[in-house]
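Let's take a walk through this protein, looking at its open and enclosed spaces and then at a place where two helices meet. Keep the 3D view handy as you read.

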Amino acid sequence: MTTIPHWIAGAPAEGTGRTTAPVYNPATGREQARVVLAGAADVDAAVTAARTAFTTWSESSLSQRTQVLFAFRQLLVEHEEELARIISAEHGKTVGDARGEIARGREVVEFACGLGDVLKGDFSDQVSRGVDVHSFRQPLGVVAGITPFNFPAMVPLWMHPIAIATGNTFVLKPSERDPSAANFVAELYRRAGLPDGVFNVVHGDKTAVDALLDHPGVEAVSFVGSTPIAQYVHERATAAGKRVQALGGAKNHAVVLPDADLEFAADHITAGAYGSAGERCMALSVAVAVGPAADALVAILERKAREVKVGPGDAPGTEMGPLVTAAARDRVERAVAEAPAQGATVVVDGRGLKVEDHPECADGFFTGPSLLDHVTTAMDAYRQELFGPVLAVVRVDTLDDAIDLINANPYGNGTAVFTASGEAARRFQRGVKVGMIGVNVPVPVPMSYYSFGGWKDSLIGDSPIHGPEGIRFYTRPKVVTTRWPHTEQHVAAGFTFPTS
Ligand code: NAD
């Protein structure tokens, strides 16, 4: 059985061997590897390597960093298929969807390739007689990324290209459920010419996370995962004096107005709800049917849910793969089982799905798409982030009711409105307390040159990720006020603040 090592100072590292954890192939349900779990000594080794590398990397020129990033971007293109298959085999998502996450992550590298532009400071000439002011930004030092299982390539790529481009060194603690993508990316960085120690990977669980949060050598922590852990990470790392960005969970609503093209809306909501088996923080898990849209919408959603092709992620034609673990599958199926007792109608019941064309998948962690109707905000299926292929339909009377419903939800990550009315879309986008909004777009993930982040319990603290906010997060500003005295025009020192 393969053991997946850490990656420290430019090479694989077995570490101190605290313990290992199983890595499954979710499609077959079989353990396919073990991953080492870091203890505090392993984390310290990674942080020490990163601190050593920082002394030279932070002094490297913009053109040297840009060259490494361009080379890294090219390697991501050349090895996309290989990386997509690694992701699919450990996560369960389709290879096509894994390619998509690599492409979206690569866009952040492309943004970081323009660091010469985004790192430009400001200059003000002659703010006082003979005095100029300029500003520039400097890296923080060693920064850590702690990431979730659902995007093992893309979410870390939201972080490390920008951190590294701005002169920091990085320690990544990826999810222990699908750890291999992180090591593959580390190897690509090495081949791109990144100096040893600038990018490190420690695998592990809470022990590794806590060691990073407490380590005095770590200046900042980027976290993406569930809300309770985001809150925990934010609290513990800020208490240790670190800068923290912490993105949490979600419950994303798609509002369908009666004037919408219902076939179009249902098509996109189906893909947004069941794509990646609902294991996306931007997945649509609630369809809010407004007024007379409801019955027709549910009928089309039912037809489309039944048409979703479920199978192993590497089989041609598969649209939806298994869930990441048996526990995740059981949690989702329990929620569907309990929904009728709380008053919901189970329109499509995905429980117990068998992938018949693939006998090797008999023990895989599959469940089919489920569709619940007449869901209310009091029900568990609405209140919990199920993080699986379950779409709940809530019926309301008006657009304003839909906006109020979304605003009463503790999460505020993404939302979408389906309508033919520009006025309604405008009212919606101005009214909802949500960070990322789609108008006839189901999963409105911002491009890399914007920043990604929700509101309320979907983002703890105040810093969204990547784009301009990423540059700000990974750097500190300096403002320099300069005078070069003219020997013949002596400027007298004043005991009061200058007024001109
Ligand atoms: P998770 O919170 O369980 O794990 C995230 C990371 O935290 C992992 O690296 C994990 O090892 C670590 N961790 C887990 N438990 C911990 C503990 N008790 N103490 C310290 N560290 C701990 O999340 P997940 O199940 O891997 O991912 C799914 C969640 O991530 C969902 O809630 C989803 O909405 C969220 N997510 C959010 C975004 C976003 O941008 N807002 C993006 C992707 C995923």
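What follows goes from the pocket to the cavities and then to a helix pair.

Bear in mind that this is a predicted model. Start with the largest pocket, which holds about 720 Å³ of space. Its lining is made of 32 residues. To find the middle of the pocket on your screen, pick out Pro-148, Arg-177, Gly-225, Ser-226 and Ile-229, the lining residues that lie nearest its centre. Which elements supply at least two residues each to this lining? Helix 8 (206-214), strand 11 (218-224), helix 9 (227-239) and helix 12 (326-338) each do so. As for chemistry, the lining of the largest pocket has 16 nonpolar residues, along with eight polar and eight charged ones.

Now for the enclosed spaces. How many cavities of 30 Å³ or more does the structure hold? There are four. The largest cavity has about 120 Å³ of space. It is lined by 15 residues, and Gly-278, Ala-283, Ser-285, Glu-385 and Phe-387 are the closest to its centre. Sort the lining of the largest cavity by class and you get eight nonpolar, four polar and three charged residues.

The second largest cavity comes in at about 60 Å³. Among the residues lining it are Trp-7 and Gly-10, as well as Leu-194, Pro-195, Asp-196, Gly-197, Val-198 and Phe-199. Ala-186, Tyr-189 and Arg-190 line the second largest cavity too. Helix 7 (residues 180-191) gives the largest share of this lining, at three residues. By class, the lining of the second largest cavity has seven nonpolar, two polar and two charged residues.

Finally, swing the view round to helix 14 (residues 399-408) and helix 15 (residues 422-431). Their axes are 10 Å apart, and the two helices pack at an angle of about 20 degrees. Angles under 35 degrees count as roughly parallel, so that is how helix 14 and helix 15 run relative to each other. Where they pass, the crossing is right-handed. On the helix 14 side, the contact uses Leu-399, Asp-400, Ile-403, Ile-406 and Asn-407. Helix 15 meets them with Ala-424, Arg-427, Phe-428 and Gly-431. What classes do the residues of this contact divide into? Five are nonpolar, two are polar and two are charged.

Methods:
Residues numbered from 1 in each chain as written. Predicted model: local features only at pLDDT ≥ 70, side-chain atom pairs only at ≥ 80, totals over all residues. Heavy atoms only, no water. Axes fitted to C-alpha atoms, helices over the stretch in contact; angles between N-to-C directions. Helix = DSSP H or I, 4+ residues; strand = E, 2+ residues; numbered from the N terminus. Parallel < 35°, antiparallel > 145°, perpendicular 65-115°, else oblique. Left-handed = near helix turned anticlockwise from the far one by under 90°. Contact = heavy atoms within 4.5 Å. Nonpolar A, V, L, I, M, F, W, Y, C, P; charged D, E, K, R; others polar. 1 Å grid on protein atoms, 1.4 Å probe; cavity = no way out; pocket = protein on both sides within 12 Å on 5 of 7 lines; lining within 4 Å. Points joined across faces, edges and corners; volume = space filled by probe spheres on them.
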